[in-house]
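Here are my notes for a colleague who is meeting this structure for the first time. Please keep the sequence and the model side by side while reading the points.

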Amino acid sequence: MSLPIENVQEFSTSGSMVLEDKWWTAFEDEQLNILIDSALRSNMDLAAIWQQFMAAKAVVRRQASNKWPQIDASAQTARNFPEPDFVGGENTQLGLSTSYEVDLWGRIRTAVQAEKLRSDASLYDYRIAAITLSSQIASTWYQLLVAKKQLEITDEQIAVNEDIIKLIRSRFVGGQIRAVDILRQAQLLESTKEQRIIFRTNVELLENQLAVLLGKQPQEPLELETRPLPQLTELPETGLPLELVRRRPDLQRSYALLLAADRDMASAVKSKYPRLSLSARGQLRSNNFDNLFKNWAYSIAGNLLAPLFYGGRLSAEVDRTEAIKRQRLYEYGQATLTAFQEVENGVTRDIMQKERLKNIERQLVLAEKSNKQLRIEFLNGFSPYLDVLIGLDAEQQLRRDFLDAQLQQIQIRIDLYRALAGGFETEREIEMEKTR
């Protein structure tokens, strides 16, 4: 089956860095590696999705059992009252029966194939969840690092604002500054303290979120080694669009469901053909335990069932499964287009965010130079303090904005890595392979 998309175009931009399946290693952050490895083992949502996959495998085995004869054993005993004159008043029966449908047209085989493909889709669900979890851990980790750095910057800004208040108060005593300037500086100080409360709250909330993602209680303290923000390398290699289709587990899942729908339709078509079933039965019966194994009988029968009139039920089932197959085809096509969009958006946002970071950095440099000059002019009596206050507030906000922009750049890169990522084997999958 092919994509319902004609003339697939190459991606508009591509980097040169080869992205590993474990995409987070591109950040070269050992603490992040430890966190994600721990989450892949301990996260409860991921463990639940693995059990969903195990249930799907059991459904495949259940469906495959229809290819084998079904054997039943029966036993029955009773005692008659009043007891007869002859020896032994028991009525004892032992029996074995078996039934078997000959898969003449492959109806059972195609049904098994459909369940196997749905089981594969369930495995891809697990891999999708693993990629999602790894991106949640990475995102939360870098949000936490930035929140801590914002807290550090805010503490430094509070110290600067307090020093300036002391300075202007001394100048106020000498009559060189107005009282309103002291009030404005005090307001800026209180505003900065409010920012500190916000960042302290963010740090605690992010630590709680990270603990839960790791499968731990939020009350447990996390032993985390604070690191500098990663220096992002060049853009990753996007590769060819069809390579992305074969690599991404969400597209593999969509394709597996499409193939399963095709097998369901084939099974529905073959249900309109005649069925041949065989049965055999053997039975031991006696009124005396001693003679039980001397009296036995058996029967063998064959049955050919050809559907003639079901009120259109079988044809309706074929139409239903055919419509579902077409639905899955279009869903697969839409999922592919969405994947292409995520890559294109990720590359564009990454390039534009780099430009934005450079712009904010230039603004920050200019603000620092401007404020330095304004302070000199203020101390020499050439500029009013309001200019100093406005410049100081703008500079401090730019420092916070620059950190936020760095975090956005990291988040954009995480999204791009995730859009390009293929499935990777977890410990659960490796253990399952060993037990086969």
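1. Glu28 counts as exposed in this predicted model, since its relative accessibility is 70%, and the residue is found in the segment before H1. Its phi is near 50°, which is a positive value in a residue other than glycine. As background, most residues other than glycine have a negative phi.

2. Asn7 can be read alongside Glu28. Although Asn7 is not a glycine, its phi is positive, at about 55°, and the residue is exposed with a relative accessible area of 65%. Asn7 lies in the segment before helix H1, the helix that covers 30-42.

3. For the fold as a whole, the chain contains nine helices and four strands, and their order from the N terminus is α-α-β-β-α-α-α-α-β-β-α-α-α. The chain is more spread out than a compact globule, because its radius of gyration is 36 Å, well over the 22 Å that the globule rule gives for 436 residues. The C-alpha trace spans about 130 × 60 × 40 Å along its principal axes.

4. On packing, 39% of the 436 residues are buried, and, of the contacts with a separation of 6 or more, 84% are made by residues 24 or more positions apart.

5. On the surface, the chain has an accessible area of about 25,100 Å², with 53% of it belonging to carbon and sulfur atoms. As for charge, there are 55 positive and 60 negative side chains, and the centres of these two sets lie 4 Å apart.

Technical notes. Residues are numbered from 1 along each chain as its sequence is written. This is a predicted model: local features need pLDDT of at least 70, side-chain atom pairs count only at pLDDT 80 or more; totals for chains, interfaces and linings use all residues. Side-chain values use heavy atoms; hydrogens and water are left out. Helices (H or I, at least four residues) and strands (E, at least two) are DSSP runs, numbered from the N terminus. The radius of gyration is taken over C-alpha atoms; the globule rule is 2.2 Å times the number of residues to the power 0.38. Buried means under 20% relative accessible area, exposed over 50%, partly exposed in between (1.4 Å probe, protein chains only). Contact means heavy atoms within 4.5 Å. Accessible areas come from the Shrake-Rupley method with a 1.4 Å probe; for residues, only the protein chains shown count as cover. Lys and Arg count as positive and Asp and Glu as negative; His and the chain ends are not counted. The place of a charge is taken as NZ of Lys, CZ of Arg, CG of Asp or CD of Glu.
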